[in-house]
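Colleague: I would like a close look at one part of this structure, taken slowly. Please keep to what the coordinates support.

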Amino acid sequence: MSRPARIICVGNRLLPGDDLGPRVHDLLAGSALPDGVELVDGGLYGLDLLRSVEGAGRAVFVDAVAGFAPPGEVVALGRDEVSALAHGAWGHDAGLPHLFHLLPRVCDGELPEILLIGAEHPADVAQVAARALAEASRP
Amino acid sequence: MAVRKMLDIPVNRVEGDLELRLEVADGVVVDAWSTGTMFRGFERLLVGRGALDGLVVTPRICGICSTTHLMAAAKALDAVTGAVVPDNGVRLRNLALMVEHVQSDVRHGILMFLADYANPAYAHLPLHDEAVRRYAPLAGEAVVEAVRETKRIIEIIAMIGGQWPHSSFMVPGGLSYGPQVTELLQCRHVLDAYRAWYERRILGCSIERWMAVDSLAALDAWLEEAQAHRDSDVGFLLRFGRAAGLDKLGGGHGTFLSSGSLDLPAETAARGTGGHLIPAGFARGIAVEAFDPAAISEHVAASWYAGQDGGRHPSEGETEPYASGEEGRRYSWVKAARYRGGPAETGPLAERVVAGDPLFTDLLARQGANALARELARLTRPATLLPTMAVWLSEVVASGGRDVYVNPGPVTDGEGCGMIQAARGSLGHWVTVRQGRIERYQIITPTGWNGSPRDSGGVRGPWEEALIGTPVADADNPVEVGHVIRSFDPCLVCSVHTVRKGRTMGRARLEA
């Protein structure tokens with residue numbers, strides 16, 4: 001059986017502006033997902049999402065972003081683009097850039113294709129969810 | 001004439017949820033103000049919600065200590081309902097919490113504290129090249145290894161709680177899920193592997209050998225004894241830390257608090273004090289007194305909250321934001337937690353002092369509190385937890401994993417308090433339930449103790465005080481300040497992680 005694509009939604013559902021990932025998660029959790037696509041509520045976590053990445057063929061992260069495009073516009077960022085934003089020591093505030101940066105050296109098994117789908121607040125949740133699903137379902 | 005200047009330092013990369021204002025005279029910190037710049041407001045968010053909602057909402061306070069908040073919330077509701085948690089429920093709750101501790105302690109040590117050893121400020125030290133090789137952010141050998149080795153331990157929480165992440169498996173009366181014996185055996189496998197790695201790389205010796213280190217002289221002898229000890233992360237922490245003078249930095253008030261943690265099951269081979277594996281107590285220097293939760297108060301004289309003069313017990317506390325316009329007098333969103341009216345530091349060092357640990361009692365008596373002792377206590381705390389984790393796991397397996405829950409009935413009106421030791425120190429949740437809803441919820445986090453601002457009497461918080469006397473050789477790279485603050489492991493906002501393009505520059509910041 002081929003490795004699944006995982007949509008990993010991160011963010012804080014209690015904080016408007018950082019709740020895009022959880023809202024996409026809730027929308028997709030109520031839908032029938034295509035075969036081979038799995039959904040993870042990654043919540044507040046960063047490095048602790050490693051085990052959710054391992055074993056996937058593709059990991060599509062969904063998170064609020066800032067500064068990449070006008071608010072609401074859906075952006076797709078590759079692993080290199082996000083990991084380039086990691087700098088300094090890991091801290092409590094370290095997020096996806098640290099995870100993406102370290103992944104090649106700490107991921108057991110084959111490194112999945114990594115992608116971040118995001119949008120700056122306010123964003124259309126359905127539009128972001130559709131893009132994430134399209135990326136995850138891509139052959 | 002002394003050269004005096006003010007220095008404003010954001011402590012994390014994202015433009016600041018914790019900022020320090022330091023007054024520096026002749027290159028030494030002479031006064032300090034610690035500002036929590038972000039209003040969290042979880043207490044207000046919970047008012048009016050269902051009685052059980054703290055179990056789901058409070059784990060979202062922290063992306064590192066979510067199990068810790070779940071435990072405090074569950075224990076507060078245990079107290080409201082009068083629930084008596086059966087032994088296996090106690091053991092499994094404890095195990096999940098201890099997993100969070102042993103992961104956090106190692107990650108803090110390697111990825112945050114030791115990262116500062118790779119700071120260019122130490123390029124003149126003979127050990128600096130090795131420090132860079134081992135601990136350089138995002139690249140050091142030990143960094144990569146620590147991330148690899150600490151990722152699997154959380155599987156234990158997933159197996160105990162039936163879910164990861166965002167498990168809310170602790171409920172009043174015990175656990176909502178009873179793991180199968182096969183899952184518990186997997187937990188054992190993961191735990192054994194973690195312990196083997198911790199002994200090999202972090203300690204460089206067996207836990208039994210480390211626990212025999214009972215004085216400063218014995219610590220020196222341990223370093224001399226074997227190359228493996230010197231090469232371990234604990235060994236390097238000590239060797240470099242002494243060369244850089246970290247054992248002379250970050251003294252503080254010399255008062256220590258542990259609220260006690262990890263309840264002992266009624267029947268267990270594990271040994272503790274006063275019903276806890278981690279004893280409760282308050283210490284002035286090394287003189288330990290009994291802990292009285294009624295002696296806790298919160299002051300808001302220097303915090304942006306409306307309220308009373310003097311302190312108020314958290315069961316009567318309010319969290320009413322108040323932008324006062326009194327610029328200067330109020331300077332933080334963190335309240336000032338006090339014990340018997342005075343400040344107290346909390347965390348792994350406080351736990352060891354309160355427990356009467358011979359090594360840390362001797363270190364304190366000879367050197368006083370310092371940044372190196374604080375981090376040593378943190379990086380070696382897993383040695384005090386891992387053996388008991390194995391004991392409790394075996395006891396659960398031997399009893400077939402049954403009886404993890406006793407139904408306490410519906411949540412009745414009442415008040416309850418859940419106090420435990422989080423990875424960073426004392427954590428308390430105080431809840432009042434009326435007509436099935438939360439009427440009041442107050443939380444004091446470890447950073448509410450360690451990172452508190454001044455109280456009604458104008459007395460500095462613990463890390464404000466610990467900063468006094470800290471040299472600042474280079475105002476643009478105040479690495480010494482970083483050691484002192486990081487030795488307390490400040491709880492910064494780890495619950496907002498927006499990926500942001502670019503970053504602001506311009507002020508001195510604490511990073512390698």
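The request and the answer to it follow.

Colleague: In chain B, which residues of helix 10 are buried, and which helices do they pack against? Please add the other helices and the odd backbone angles of that chain.

Modeller: This is a predicted model, in which local features need pLDDT of at least 70 and side-chain atom pairs count only at pLDDT 80 or more, while totals for chains, interfaces and linings use all residues. Residues are numbered from 1 along each chain as its sequence is written, chains are lettered from A and ligands numbered from 1 in the order in which they are written, and side-chain values use heavy atoms, with hydrogens and water left out.

Helix 10 of chain B covers residues 216-225, and its buried residues are L216(B), A218(B), L219(B), W222(B) and L223(B). Buried means under 20% relative accessible area, exposed over 50%, and partly exposed in between (1.4 Å probe, protein chains only). Helices (H or I, at least four residues) and strands (E, at least two) are DSSP runs, numbered from the N terminus. Seen down the axis of helix 10 of chain B, the buried residues fall within an arc of 160°, so they line one face; the arc is that of the directions from the helix axis to the C-beta atoms. The face turned away from the buried side carries the exposed A217(B) and E224(B). The buried residues of helix 10 of chain B pack against helix 8 (181-203), helix 9 (207-211), helix 11 (227-231), helix 12 (233-243), helix 14 (358-367) and helix 15 (371-398) of chain B, where contact means heavy atoms within 4.5 Å.

Helix 3 of chain B (residues 66-81) is mostly covered, with 15 of its 16 residues buried. G82(B) follows helix 3 of chain B and has a positive phi, near 75°.

The axes of helix 4 (residues 87-113) and helix 18 (residues 479-487) of chain B come within 12 Å and cross at roughly 170°. H108(B), M112(B) and F113(B) of helix 4 of chain B make the contact with H483(B), R486(B) and S487(B) of helix 18 of chain B.

Most residues other than glycine have a negative phi. D489(B), in the loop between helix 18 and strand 15 (499-500) of chain B, has a positive phi near 50° and counts as buried at 2% relative accessibility. D26(B) also has a positive phi, near 50°, but is exposed, with a relative accessible area of 52%. The place of D26(B) is the loop between strand 2 (18-25) and strand 3 (28-36) of chain B.

Conventions
Axes fitted to C-alpha atoms, helices over the stretch in contact; angles between N-to-C directions.
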